[in-house]
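User: Could you teach me how to read the features of a protein model, one at a time? I would like the general idea, then the case at hand.

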Amino acid sequence: MSASYQQTRRLVRALRLKRGLTQEALAERASLDYKYYQRFELGTTPAPALATLEKLSRTLGIKLWVLICDEPALVRSRTGLRDPGRRVPVKTGRPRKA
């Protein structure tokens, strides 16, 4: 798995969390299969197609180039994330109902 793919999925996850969306909600809004998106975040899928990245960027309200940019300062300036390449702990499974 390439470093840029890992950065992209971490960035997508961080932006999803910043916007308060669940995996399921983001996948639905982006017209992606929920299970595919879940595996994408875990890093168990091949690198996504450009069309998939376009759907994610549109849904997250950012330009496509931000998702594939490898310059942290540019990504920070466009997303407002303090450390866009930071590893975010992954919790698996569906959230429990309160």
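Analyst: Happy to help; we will go from the overall fold to single residues. Keep in mind that this is a predicted model.

User: Let's begin with the fold. How many helices and strands are there in the protein?

Analyst: The protein has six helices and zero strands, so its pattern along the sequence reads α-α-α-α-α-α. Of its 98 residues, 39% are buried. The accessible surface is about 6400 Å², and carbon and sulfur atoms account for 50% of that. As for contacts between residues at least 6 apart in sequence, 59% of them join residues at least 24 apart.

User: Now a single helix. Which residues of helix α4 are buried?

Analyst: The general idea comes from helix geometry: an α-helix has 3.6 residues a turn, so residues three or four places apart point the same way. In helix α4 (residues 50-60), the buried residues are Thr52, Leu53, Leu56, Ser57 and Leu60. Viewed down the axis of α4, these buried residues fall within an arc of 130°, so they line one face of the helix. Leu50 and Arg58, on the other side of α4, are exposed.

User: How should I read aromatic pairs, and how many are there here?

Analyst: Two numbers do the work: a pair of aromatic rings is described by the distance of the centres and the angle of the planes. Ring centres within 6.5 Å make a pair, and planes under 30 degrees apart count as stacked, over 60 as edge-to-face and the rest as tilted. By this rule there are two aromatic pairs. One of them joins tyrosine 37 and phenylalanine 40, at 5.9 Å centre to centre with 40° between the planes, which makes it tilted. Tyr5 joins Tyr37 and Phe40 in one aromatic cluster.

User: Why are tyrosine 37 and phenylalanine 40 separated by about one helical turn?

Analyst: Because they are three residues apart in helix α3 (residues 34-42). Both tyrosine 37 and phenylalanine 40 are buried.

User: Staying in helix α3, is glutamate 41 buried or exposed?

Analyst: The cut-off to keep in mind is that buried means under 20% relative accessible area. Glutamate 41, which is found in helix α3, counts as buried because its relative accessibility is 3%. Leaving aside residues up to four places away in sequence, glutamate 41 touches Arg9, Arg13, Arg16 and Gln23.

User: What about cysteine 69, and where does it lie?

Analyst: Cysteine 69 sits in the loop between α5 (64-68) and α6 (72-79). With 18% relative accessibility, cysteine 69 counts as buried. Leaving aside residues up to four places away in sequence, cysteine 69 touches Leu74 and Val75. Its C-alpha atom is separated by 9.0 Å from that of glutamine 7, although the two residues are 62 apart along the chain.

User: Last topic: backbone angles. What is phi of serine 31 near?

Analyst: As background, most residues other than glycine have a negative phi, and most peptide bonds are trans. Serine 31 has a phi near 60°, a positive value in a residue other than glycine. The residue is placed in the loop between α2 (23-29) and α3. At 55% relative accessibility, serine 31 counts as exposed.

User: And which residue follows α4?

Analyst: Glycine 61 follows α4, and its phi is positive too, near 75°.

Notes:
Residues numbered from 1 in each chain as written. Predicted model: local features only at pLDDT ≥ 70, side-chain atom pairs only at ≥ 80, totals over all residues. Heavy atoms only, no water. Phe/Tyr/Trp six-rings, centres within 6.5 Å; stacked < 30°, edge-to-face > 60°. Helix = DSSP H or I, 4+ residues; strand = E, 2+ residues; numbered from the N terminus. Buried < 20%, exposed > 50% of the residue type's maximum accessible area, 1.4 Å probe, protein only. Contact = heavy atoms within 4.5 Å. Areas by Shrake-Rupley, 256 points an atom, 1.4 Å probe, with all protein chains shown as cover. Arc of directions from axis to C-beta.
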